[in-house]
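Colleague: I'm new to this one, so could you walk me through how you label things in it?

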Amino acid sequence: MSRIGKKPVPIPKGVEVKIDGQKISVKGPKGSLTKTVHPGIKVAVENDAVQCTGDIADRLSKSVWGLWRMLIANMVEGVTTGYRETLDIQGVGYKAEMKGKDLNIAVGYSHPVLIQPLSGISFRTETATRIIVEGIDKQTVGQVTADIRLIRGPEPYKGKGIRYLDEHVRRKVGKAAGK
């Protein structure tokens with residue numbers, strides 16, 4: 001039995017959850033999200049909460065029961081408060097700026113990298129070296145943030161590159177320090 005899957009997902013005020021067969025739709029103040037639930041998982045709305053039940057006889061259903069409960073909880077949280085990831089740019093001359101809704105990043109290449117936001121995603125720059133990615137879908141926000149970080153990941157010798165705000169990069173000693 002899944003300990004996480006057994007817990008109901010509370011539905012806050014202003015959030016509407018609709019279930020149509022295996023399709024679940026969550027609508028809130030920030031927007032709406034829709035996902036198709038795994039066939040072995042049954043979802044029901046009871047007493048202002050979403051309850052997930054899995055088929056205990058099916059091994060795959062048992063393994064994804066808690067996963068789907070958390071995915072539904074993330075949908076509810078996304079349409080109420082949204083998700084935010086912050087990236088930090090380090091390096092001389094490295095910077096990011098907004099060009100309309102697009103993000104323009106200069107990180108040492110011969111050309112600036114222009115990133116267009118996916119639907120439901122927005123970019124902001126607090127400073128020239130801080131990028132904020134916001135949206136209602138946790139998976140999309142995380143994937144866009146990871147794709148931006150891949151443009152120039154942090155390197156271990158000088159620490160230059162794009163990193164998550166709370167990421168610690170282990171620094172290596174240079175060639176001269178080994179002698």
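Modeller: Sure, and keep in mind that this is a predicted model. Let's start with N74, which sits in helix α2.

Colleague: Why is N74 called buried?

Modeller: Its relative accessible area is 17%, and buried means under 20%, so N74 makes the cut.

Colleague: And what does N74 touch, leaving aside its neighbours within four places in sequence?

Modeller: Y83 and K138. Contact here means heavy atoms within 4.5 Å.

Colleague: How do you know that V107 is buried?

Modeller: V107 has 1% relative accessibility. The cut-off is under 20%, so V107 counts as buried too. V107 lies in the loop between β9 (102–106) and β10 (113–115). Not counting residues up to four places away in sequence, V107 touches I89, Y94, I151, R152 and I162.

Colleague: Which residues have the most contacts inside the largest nonpolar core?

Modeller: V17, I24, V26, I41, V43 and V50, in a core of 21 residues. β3 (23–28), β5 (41–45), β6 (49–54) and α2 (59–80) each supply at least two residues of this core, and the largest share, eight residues, comes from α2.

Colleague: What does I24 touch, again skipping residues up to four places away in sequence?

Modeller: Its contacts include V17, L33, V37, V43, I72 and M75.

Colleague: Which residues does the second, separate core include?

Modeller: That core has 19 residues, among them L87, L103, V107 and I151.

Key. Residues are numbered from 1 along each chain as its sequence is written. This is a predicted model: local features need pLDDT of at least 70, side-chain atom pairs count only at pLDDT 80 or more; totals for chains, interfaces and linings use all residues. Side-chain values use heavy atoms; hydrogens and water are left out. A nonpolar core is a set of buried Ala, Val, Leu, Ile, Met, Phe, Trp, Tyr and Cys residues joined through side-chain atoms within 4.5 Å. Buried means under 20% relative accessible area, exposed over 50%, partly exposed in between (1.4 Å probe, protein chains only). Helices (H or I, at least four residues) and strands (E, at least two) are DSSP runs, numbered from the N terminus.
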